[in-house]
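Welcome, and thanks for taking a look at this one with me. Below are a few numbered notes to read alongside the picture.

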Amino acid sequence: MIPSCLTLQLTPFFPSPLLPVNRLSLLSSSTFPAFAAKSRRLAFAATKAPSISTMAAEQENVGNLKRKLAKLFQLSLDATVPGEPDIEPQVAACTAKFGDYQCNNAMGLWSKIKGRPGIEFRGPPAVGQAIMKNLPQSEMIESCSVAGPGFVNVVLSKNWMAQNIQKMLVDGIETWAPKLSIKRAVVDFSSPNIAKEMHVGHLRSTIIGDTLASMLEFSNVEVLRRNHVGDWGTQFGMLIEFLFEKFPNFEDVNETAIGDLQAFYKESKQRFDVDAEFKDRAQKAVVRLQSGEQMYRKAWAQICEISRREFDQVYQRLGVHLEEKGESFYNPHIPGVIEALTNQGLVEESKGARVIFIEGINIPLIVVKSDGGYNYASTDMTALWYRLNEEKAEWIIYVTDVGQQQHFDMVFKAAKRAGWFPADDRQYPKASHVGFGLVLGEDGKRFRTRSTEVVRLADLLDEAKTRSKAALIERGKAAEWTEEELEQTAEAVGYGAVKYADLKNNRLTNYTFDFDQMLNDKGNTAVYLLYAHARICSIIRKSGKDTEELKKTGKILLDHADERVLGLHLLQFAEVVEEACTNLLPNVLCEYLYNLSENFTRFYSNCQVVGSAEETSRLLLCEATAVVMRKCFFLLGIKPVYKI
């Protein structure tokens with residue numbers, strides 16, 4: 001029988017030898033001297049994939065079982081077919097009872113070598129037997145077997161597993177962090193528009209981007225968390241003119257005077273649409289703003305600051321940290337970038353506009369409008385240039401809705417035409433678009449209020465906390481806890497429920513926003529997981545034992561079948577985080593966390609902890625589970641609760 005295995009897809013990361021690309025030498029120093037002078041110092045890093053054995057030798061993944069086994073199987077494959085090029089171990093975590101992991105190289109290898117002179121193998125099973133025979137001895141492997149057409153199944157040593165879990169408890173969960181070869185990445189996420197409130201549509205970008213950034217940071221990558229706010233454009237003309245009209249002494253105006261900035265925006269838009277004279281003034285105000293006239297710049301800065309403070313309140317509640325670099329930041333660099341692209345012959349005239357044609361796409365990328373103005377493509381091309389050159393990012397990740405997929409696909413292809421990216425998509429530097437679906441209401445349509453308005457993100461968070469607090473009070477916690485404990489737990493559970501309900505879904509799909517479902521304490525919800533963590537903490541507290549002391553003096557044993565299942569799942573944490581990172585899929589980590597909780601529940605149901613002969617070992621397993629759960633919560637932006 002062919003065993004059923006779950007293959008963990010791990011996109012390889014590559015080291016970074018510098019390969020200069022002289023794409024910027026075409027900049028004209030006469031028309032844009034500062035830009036050209038700076039550009040002469042710049043080069044891109046194109047990186048090539050090494051073998052997994054090379055990668056493993058250079059960067060030992062202490063906690064990554066799959067990487068450790070891949071290193072051993074690489075040695076076996078080299079011995080089985082000496083000199084055979086480009087053979088990388090295909091190691092998968094098994095879901096059947098044949099073993100813990102499996103090497104699946106035999107069939108592919110047989111198809112490459114069959115019929116060659118001197119080959120003694122008679123089929124894939126024989127190749128599998130040879131791979132197993134040539135596998136170096138290792139303390140991590142208890143036994144091996146060959147099944148079906150050459151699948152090499154590996155059973156890990158329970159003693160080695162126990163020792164490594166205990167070592168993590170002593171040395172810290174950071175020793176299980178993935179080791180990625182890139183050093184710096186940009187994650188562009190959230191990106192609300194100035195003068196408009198954050199709404200439910202910003203929820204997905206904000207929390208998906210935050211989780212991706214956190215996973216990369218945990219993997220020892222320097223992450224530049226960028227908030228590309230919409231702080232530049234024609235709408236500021238009407239906002240500034242409306243501000244002057246309502247508040248002649250505009251410099252003294254604050255958010256209290258303006259009131260609801262969203263309402264202020266709507267009022268100005270109504271005037272713009274119906275009042276021709278106001279519209280004319282607003283259009284002229286845009287020109288005066290963009291030419292740098294001081295009064296208009298001050299008014300613009302004031303509107304931005306009021307809006308920024310409102311955004312920050314939401315980010316603080318969500319526990320999200322970003323650095324703002326909005327559209328206006330890149331504006332001074334646009335002319336030089338457009339000129340460089342023009343000098344390379346990429347920019348062409350089309351219907352009065354200046355465009356870049358992309359192979360396979362029937363519409364061009366407009367980088368200068370027919371009226372000479374810039375647009376999103378101008379800004380996004382320039383931001384990409386800046387991130388590659390000035391910020392030296394090796395991986396630039398954009399988190400927006402799937403509706404912008406074509407736009408970013410065109411931007412990335414234009415950048416590749418310009419030589420900004422290597423031809424091979426597996427090499428670095430590279431850019432990735434992380435698309436996501438819609439948040440739907442119970443009617444299956446875009447989530448809105450009853451008055452058909454988009455749902456304000458602040459209101460949504462208020463409701464989540466209110467419902468969470470009501471549930472806690474219903475459980476009698478108001479009588480047991482202080483008001484501060486009640487508030488903090490309500491926030492942690494309410495906000496965590498909103499985040500997890502989003503993150504547990506494949507980001508490309510739409511999902512229905514349902515408070516009742518996400519705040520349910522049963523099933524795959526944050527409430528269930530947070531309560532599970534709190535129960536583990538309660539078990540440890542009730543034992544009366546000092547886990548810090550047990551880490552030094554105790555010993556973990558994995559003799560019971562459910563202890564071993566839990567231990568193996570704990571040890572797979574590093575490879576799951578790596579898979580979620582490299583494939584940019586937070587739901588992979590959510591699935592791992594939920595399964596961890598389920599495995600712990602099964603262990604606790606079948607293995608007495610407090611008062612048993614194995615109490616010390618099982619308390620340490622409880623502690624290891626809690627440590628890994630807390631790290632998962634941290635990566636997902638969820639605050640753990642310790643009692644419930």
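1. Let's begin with strands 9 and 10: they run antiparallel and are joined by four bridges. Strand 10 covers residues 353-356. Please keep in mind that this is a predicted model.

2. For a residue to look up in this pairing, try E348, which has V355 of strand 10 opposite it.

3. Strands 9 and 10 belong to an open sheet of three strands, with antiparallel pairing and the order 9-10-11. At its edges you will find strand 9 (347-350) and strand 11 (365-368), each of which pairs on one side only. From one strand to the next, the twist averages 45°.

4. Now for another sheet. Here five strands form an open sheet with parallel pairing, and their order is 8-7-6-12-13. Strand 8 (323-324) and strand 13 (430-436) each have a single partner strand, so one side of each is left without a neighbour in the sheet.

5. How many bridges join strand 12 to strand 13? There are seven, and these two strands run parallel. Strand 12 spans residues 395-401. Within this pairing, W395 has K430 in strand 13 as its bridge partner.

6. Finally, which helix packs on this sheet? Helix 15, made up of residues 376-389, does so. Helix 15 touches strand 6 (184-188) and strand 7 (222-227), as well as strands 12 and 13. If you follow the direction of helix 15, you will see that it makes about 150° with that of strand 12.

Conventions. Residues are numbered from 1 along each chain as its sequence is written. This is a predicted model: local features need pLDDT of at least 70, side-chain atom pairs count only at pLDDT 80 or more; totals for chains, interfaces and linings use all residues. Side-chain values use heavy atoms; hydrogens and water are left out. Two strands pair if DSSP finds at least two bridges between them. Contact means heavy atoms within 4.5 Å. Axes are lines fitted to C-alpha atoms, for helices over the stretch in contact, and angles run from 0 to 180 degrees between N-to-C directions.
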